[in-house]
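Here are a few exercises to work through with the structure open beside you. Try each task before you read its solution.

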Amino acid sequence: MPASSLCDAHINSSDKSLNLDDWVTSGKLGSREAVLVFRTNILNPKTRKMLLETTHVQVDRKKGDGQACSTPNEMGPKGDLSPTIGKTPQNNPTHGKLYVSVNKLTKFNNVDNFATKSHDSFSSCEEVSSDGDETQYNESKSRAKHHKNNNLFMAEIEDNLAKESGHDSITASQSNLGINTSEEDQEEASSEEDNECGINMPAHQLQITYKFIQTETKLLRKIFNVHGLTEVQGESNFNLLWTGVHMKLDTLRNLSLYQRVNHFPRSYELTRKDRLYKNIERMQHLRGMKHFDIVPQSFILPLESRDLIFAHNKHRGPWIVKPAASSRGRGIFIVNSPDQIPQDEQVLVSKYIVDPLCIDGHKCDLRVYVLVTSFDPLIIYLYEEGIVRLATVRYDRNADNLWNPCMHLCNYSINKYHSDYIRSSDAHDEDVGHKWTLSALLRHLKLQGCDTHLLMLNIEDVIIKAVLACAQTIISACRMFVPNVNNCFELYGFDILIDNTLKPWLLEVNLSPSMGVDSPLDTKVKACLVTDLLTCVGIPALSPEMRSHYDSKTTRLRSSSCQRQTDTTESNTSTHRSTKIKKKSLGLAPLTQEDQRILRSARLQYTRRGGFVRVFPTDDSMQRYGHFLDSANGIPISTPTVQGQTFQTLVTQHNYNQMLHSNLYCPGSRCIKDDNCQESRIRQYERALETDSEIPFLKKQIVEKCEEEGRRLRKQMLKKIGSGSTLTHFQARQTFCLYLESVLRRLTQEPKDSHEKIILKFLNKYGGGVKPPILFRNTQNVSKARSAMVAKLLGDFLEIYKRDTESYVDSFDHFGMIPTSAYSLFLMHAQESDLEAVLTHHTNITGIMPFLYNRIGFSVPPTPPIPSGLHGFLRALPAMVSTSGVVRDVSKYDGYFKNCDKNYENVQDISLRSRSTRGSK
Ligand code: ADP
């Protein structure tokens, strides 16, 4: 079985005669069926360089109507429907590998009976916004792009966050916000290099484009660019649309045959925690609990409060409380009893699994990647590699520890702030620190005598059942809104918790699993995942002329009918005739043209699957899941039907699931039985992921600040402010953001109890989505875990704040404002104390803190003077947040002011004097 069917087809990356014809598959370059191939090896600068030196490609666009214009693709025989079977990487032992577990507590000796998943011997195989439905961010990117200087701070914050957390956060500001620094130069140099490489790729010649909406990561962008895809924005037409949020129905309706988008309509049925639970609960009622006991018992509050109390009286807690549409551990807390849950917002309350699988005493959970390329017929792949996330603090069931998120939650976005969090620094260290790979976990468990075969089959089962439970609504939406069968695909991030009996529990399904990377290991897994995903779903390698032809055809069809269009271009009459004859001789129903297209498409896709393992259909899938499908049309049924009535009876009857299964797995067909049987699938999950060429860890370099320069510029800024210049909203927000960023860094490096309290108080008053969880607010525990939690809350606050700040960008320098370029330079070198001094001085002179409010055009309440001195600004901060927007007497609000010393009175004097001078000016 090939780890990647592409492996064998591609020549080794060290071979100088690399043929660009290898960058398309499923058809010859320029033909209608050809799709682009994506590989990780060109992420490596050396391979890229070699490509630049040795390759050229010419796509004769006039021949783009299906005729070949270059040498045959080496993926396998053209027109041959059988999968490409190549070398079997599972025979490659991993030699001399040391298995080191968490905190390097245990060591296993050389395990050489585990093979590796080989990626990119020419091919490849596999966190803001992010994971989850809450992926939101401002789309003012293009506007921001024009204001390089203004955006200096955003990139700076990203860097600082990355430095502090090692996390490659995904925000709008990330790579679109240019900066005037050496770092930017470096970034641009590398992106120039990427583009140069891309210029020689077929995708560039064919002018294939991609568009990001409300999501992006450096990794995705890099992969697209090096493969020659060009980014487009606004209303421009695209070949691939990658969005972090649900699709607009209008966008879906207008898709052309060749366009691909990374979501299905109504995917929220799977990806919203509450919807997912309700869909599965319905299946429990309809099909029996024993078939769908895959999620912890849950209740949606406040609606189901009584049911929760009833359940609690039957089987006592603890319960885990989650906001219905949030992600990355935001707002989650654990309670012992329902009366500890506030009733003011809609939350999902789930039975807390108290006996999780632990590695060296640390709770862990899994992130596995699931690709659905079609809902009817249902085609589901599970990526061979996943991520195992470990909690930083050793697990202890004692109720006193329920407050501790670094013990009970495995989210990276929380644990990364814990000072004991360990990141592996080498792509080969798959079982070091607090992030492992799935294959490393399986090998670890196998060594301990666990039945990993059964575990993985159960995980496949949970995935398939979750998709079946939600499919019906998605299929209806596809029929209504998606014009072409291959337009949509979706990569879901399934979060799975394994209990100590090795039973997997589905926790949630993420809409846009994070493609951010925090380590070389993360980079390897995600780069392989993305390249394999793109190859598998298939971005048609069509020339612009062919695309306009399809665009006009789409418009014509759309105006005449709303029916889904099917790609008949793949049909070949003589092949069909011979297939029909053959099917008949095998006792199978004759195939319609649509059946043939689906079958051919599924087979071609399978040959491109890379590291994806098809889990539905498989040889036994009809036997296992057939009874959950409507007997007439094969649609998964999740609503009670009146006897004899089938789902959407008015729609032409078909049973694509049955058709596909019979034709793929019928006796005597060239079926994929061998390399898709249970044993092969499990072997693939257990193998370590290997790549031929190293994938560089895409981490930004940090610009060194010059302390002295910072001090010099600070004096300049203070002087300017003193003589009448004011900071714009944007500049003030930039400064505040960078200041809090420094505080955040300090909290994780040298936790300080008093500062944590101040931050908690500030966030509590500020409100919004960054309020500390209820139990946490009361905890007196001073510990690394508490610091981590405070840092996480502050990190979340900063993320939202930065997003909001983008809408304040100054488009030009105006009278009375500190020039953008001068201020950007200051921000570049400013230390925490410099930022604090400017914020304090500016507040004391202007008497307001507009950066604390999101209301341009509304009046900002006046602020009393801030005392000077180290951390004076920080200590005053909680008292400065006005929830009512009225003028306050701060001394009533904060004890800090009551104890103010002379210093405070002096400052008050000075600032009052300065304000009156300004007023008289
Ligand atoms: P989010 O989308 O915010 O990450 P999850 O549902 O994935 O929310 O839960 C976050 C973490 O909480 C998981 O990593 C897991 O460790 C823990 N968790 C969630 N639900 C349960 C549960 N029912 N029992 C035990 N632990 C849970």
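**Exercise 1.** Find where proline 617 sits, then work out the state of the peptide bond from phenylalanine 616 to proline 617.

Solution. Start with the place: proline 617 is in the loop between β21 (612-616) and α21 (621-625). Keep in mind that this is a predicted model. Next, check omega for the bond that runs from phenylalanine 616 into proline 617: the value is near 0°, and the bond is cis.

**Exercise 2.** Do the same for aspartate 376 and proline 377: what is omega for the bond that joins them, and which loop holds proline 377?

Solution. Omega comes out at about 5°, and the bond is cis. Then look at the surroundings: proline 377 belongs to the loop between β15 and β16 (378-383).

**Exercise 3.** Is phi of glutamine 207 positive or negative, and where does glutamine 207 lie?

Solution. Phi is near 55°, so to speak on the positive side, in a residue other than glycine. As for location, glutamine 207 is in the loop between α6 (202-205) and β6 (209-213).

**Exercise 4.** Describe the surroundings of the ligand, beginning with the count of residues around it.

Solution. Step one, count: 22 residues surround the ligand, and the closest are Lys322, Gly329, Asp365, Asn411 and Glu508. Step two, sort by class: the shell has nine nonpolar, five polar and eight charged residues.

Step three, go through polar contacts to ligand oxygen atoms. A side-chain N or O atom of aspartate 365 is 2.4 Å from one ligand oxygen. For lysine 273, a polar side-chain atom lies 2.9 Å from a ligand oxygen. With arginine 328, a polar backbone atom is the partner, at 3.3 Å from an oxygen of the ligand.

Step four, look at cover: on its own the ligand has 540 Å² of accessible area, and the protein covers 99% of that. Step five, ask which elements give two or more residues to the shell: β11 (319-323), β15 (362-375), β19 (490-498) and β20 (504-510).

**Exercise 5.** How do helices α27 and α32 pack?

Solution. Take α27 (residues 753-766) and α32 (residues 872-880): their axes are 8 Å apart, at an angle of about 25°. Angles under 35 degrees count as roughly parallel, so α27 is roughly parallel to α32. Finally, the handedness: this crossing is left-handed.

Technical notes
Residues numbered from 1 in each chain as written. Predicted model: local features only at pLDDT ≥ 70, side-chain atom pairs only at ≥ 80, totals over all residues. Heavy atoms only, no water. Near = heavy atom within 4 Å. Polar contact = N/O pair within 3.5 Å; in protein donor to acceptor, adjacent residues only side chain to side chain. Areas by Shrake-Rupley, 256 points an atom, 1.4 Å probe, with all protein chains shown as cover. Helix = DSSP H or I, 4+ residues; strand = E, 2+ residues; numbered from the N terminus. Nonpolar A, V, L, I, M, F, W, Y, C, P; charged D, E, K, R; others polar. Axes fitted to C-alpha atoms, helices over the stretch in contact; angles between N-to-C directions. Parallel < 35°, antiparallel > 145°, perpendicular 65-115°, else oblique. Left-handed = near helix turned anticlockwise from the far one by under 90°.
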